[in-house]
Amino acid sequence: MKTKQTIFTFAAGLLLFGAGSTVSGAEKALTKAAAEAQTRAFTTERRAQLREALAEEWANHEFTNGEYRMRFWDTIYGPKEVPEGGRSLYISLHGGGGAPAQVNDGQWENQKRLYRPAEGLYFVPRSPTDTWNMWHQEYMNDFLRKTIAAAVVFEGVNPEKVYILGYSAGGDGLYQLAPRLADHWAAASMMAGHPGDARPESLRNLPFAIFMGGQDAAYDRNSLARQYSTTLDRLSIAEGDGTYLHDTHIYEDCGHWMLHRDTIALPWMAQFTRNTYPKRVIWVQDDVLRDNFYWLGVPELHRRAGAKIVAEIKGQTVRIEESDSPVVLVGLNDTLLDLDKPVTILLGDRPIATKRFRRTAATLSKPLNPSVYSLDAPYPVILKIEKNAAVKTGATVTQL
């Protein structure tokens with residue numbers, strides 16, 4: 001009961017902070033140093049609250065999310081002492097899918113032995129359900145956020161070194177979860193899965209590997225893997241060097257089983273750390289909707305599957321290049337630009353505002369990411385950019 005009450009209280013506090021409207025003109029602006037100090041205090045407090053809230057579930061090796069339960073197994077490879085800079089986390093999704101529970105149990109056991117990173121916490125969840133789309137569903141978002149949060153507070157994991165991979169049905173899920181939650185991962189690897197309706201545009205800032213048997217023709221997995229890789233090639237050319245980084249391996253002599261050749265994915269992923277604050281973001285909403293993605297957000301009223309936002313920051317300019325949403329939220333901090341200087345906001349190529357926005361304690365208290373399990377730092381400035389044909393610039397900018 002204590003665990004549930006702690007989370008409820010924490011969530012209620014965030015919802016209360018999120019109810020605020022605009023920055024009061026009388027509110028004192030924070031200096032960069034003061035904002036950074038308050039950010040550290042916020043994240044320290046959140047980690048302490050999550051440590052208390054998740055202790056029982058972590059000890060029991062079972063997370064809860066409403067009616068769903070997700071058992072898990074984990075082990076540490078490499079140094080038992082936490083390395084300087086924190087430990088890595090590898091989340092490994094098993095195969096199976098729409099099959100009897102004992103089949104998925106067997107696949108879970110197999111996944112525990114399938115990979116062995118040189119260093120880090122190797123975490124293998126048992127899917128909460130036995131459906132074909134067991135890893136796709138909305139409940140997985142918070143299960144994965146819980147996993148990251150618990151691994152950070154209990155095992156010394158560095159949240160910038162979180163990797164996700166999956167085999168077969170786990171690969172199906174990987175195709176979906178990598179772009180949907182791209183802002184959570186340092187790198188992702190898909191093994192022997194089917195992409196379904198997964199769109200790759202949101203992978204712009206996430207290294208993504210594809211491993212497939214050339215003879216794995218069931219459900220056209222092999223040809224679809226080639227197509228997905230070709231699409232990433234095209235996107236990379238369109239966006240420029242260093243974007244849509246991907247590594248594709250089609251083993252022509254293999255079927256659905258790749259003879260452990262796919263284990264090279266782990267050292268490949270290990271070379272990357274999370275791109276927490278990319279200067280250009282392409283976000284296409286999955287059918288499981290989200291409130292935020294990197295430093296972008298959308299109010300619940302305007303969330304829609306397939307909706308696309310393209311935004312970038314160059315110097316002191318924030319540009320919303322494209323948006324299917326009439327309202328876009330933008331979180332700003334001193335990593336993205338210099339908040340001691342004026343910032344210009346563009347909608348397309350049209351300037352809609354140039355001003356210095358104030359860092360405030362109120363904004364730091366209402367994170368862009370509303371999940372109570374998120375360990376990401378809040379933004380000291382959040383802007384609401386709203387299309388408005390009634391004004392000369394075609395849009396308004398409000399600091400929340």
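**Exercise 1. Strand 3 and its neighbours**

Both faces of strand 3 are covered, with Arg87, Leu89, Ile91 and Leu93 buried on one side and Ser88, Tyr90 and Ser92 buried on the other; work out how far strand 3 is enclosed and which strands pair with strand 3.

Solution. The structure is a predicted model, in which local features need pLDDT of at least 70 and side-chain atom pairs count only at pLDDT 80 or more, while totals for chains, interfaces and linings use all residues. Residues are numbered from 1 along each chain as its sequence is written, and side-chain values use heavy atoms, with hydrogens and water left out.

Begin with the terms: buried means under 20% relative accessible area, exposed means over 50%, and partly exposed lies in between, with a 1.4 Å probe and protein chains only. Helices (H or I, at least four residues) and strands (E, at least two) are DSSP runs numbered from the N terminus, and two strands pair if DSSP finds at least two bridges between them.

Next, count the burial: seven of the seven residues of strand 3 (residues 87-93) are buried, so strand 3 is largely enclosed by the rest of the structure. In a regular strand the side chains alternate between the two faces of the sheet. Leu89 belongs to strand 3 and, at 0% relative accessibility, counts as buried.

Then look for the partners. Strand 3 is joined by six bridges to strand 5 (residues 157-167), and the two run parallel; here Tyr90 has Tyr163 as its bridge partner. With strand 4 (residues 120-125), strand 3 pairs in the parallel sense over three bridges, and Leu89 has Leu121 as its bridge partner there. Finally, the C-alpha atoms of Leu89 and Glu155 are separated by 9.4 Å, although these residues are 66 residues apart along the chain.

**Exercise 2. The span and bend of helix 2**

Compare the expected span of helix 2 with the distance between its end C-alpha atoms, and say where helix 2 bends.

Solution. The expected span of a helix is 1.5 Å times one less than its number of residues. For the 29 residues of helix 2 (residues 32-60) this gives 42 Å, and the end C-alpha atoms are 42 Å apart, which agrees.

The bend at a residue is the angle between axes fitted to the seven residues ending there and the seven starting there; by this rule helix 2 bends by about 50 degrees at Leu54. Leu54 is also among the buried residues of helix 2, which include Phe42, Arg46, Leu50 and Trp58. Just after helix 2, His61 takes a positive phi of about 55 degrees.

**Exercise 3. Two open sheets**

Which strands stand at the edges of the sheet 9-12-13-15-16 and of the sheet 10-11-14-17-18?

Solution. Take the mixed sheet to start with: its five strands form an open sheet in the order 9-12-13-15-16. Strand 9 (280-284) and strand 16 (350-355) stand at its edges, each with a single partner strand, so one side of each is left without a neighbour in the sheet. Strand 15 (residues 343-347) and strand 16 run antiparallel and are joined by five bridges, with Leu346 opposite Pro351 and Leu347 opposite Arg350. The hairpin of these two strands has two residues between them, and in this hairpin Gly348 takes a positive phi near 70 degrees.

Now turn to the other open sheet, whose five strands have the order 10-11-14-17-18 with antiparallel pairing. Strand 10 (292-293) and strand 18 (395-399) stand at the edges, each with a single partner strand, so one side of each is left without a neighbour in the sheet. Within this sheet, strand 14 (residues 327-332) is joined to strand 17 (residues 381-387) by six bridges, and Leu332 stands opposite Val381.

**Exercise 4. Aromatic pairs**

Classify the ring pairs Trp268 with Phe272 and Tyr277 with Tyr379.

Solution. Rings of Phe, Tyr and Trp (its six-membered ring) pair if their centres lie within 6.5 Å; planes under 30 degrees apart count as stacked, over 60 as edge-to-face and the rest as tilted. A search of the whole structure finds 19 aromatic pairs. For Trp268 and Phe272 the centres are 5.1 Å apart and the planes stand at 70 degrees, so the pair is edge-to-face; both residues are buried.

For Tyr277 and Tyr379 the centres are 6.1 Å apart and the planes stand at 80 degrees, so this pair is edge-to-face. Tyr277 lies in the loop between helix 7 (265-270) and strand 9, and Tyr379 in the loop between helix 8 (361-364) and strand 17, so the pair ties together parts that are 102 residues apart in sequence. At 23% relative accessibility Tyr277 counts as partly exposed, whereas Tyr379, at 6%, counts as buried.
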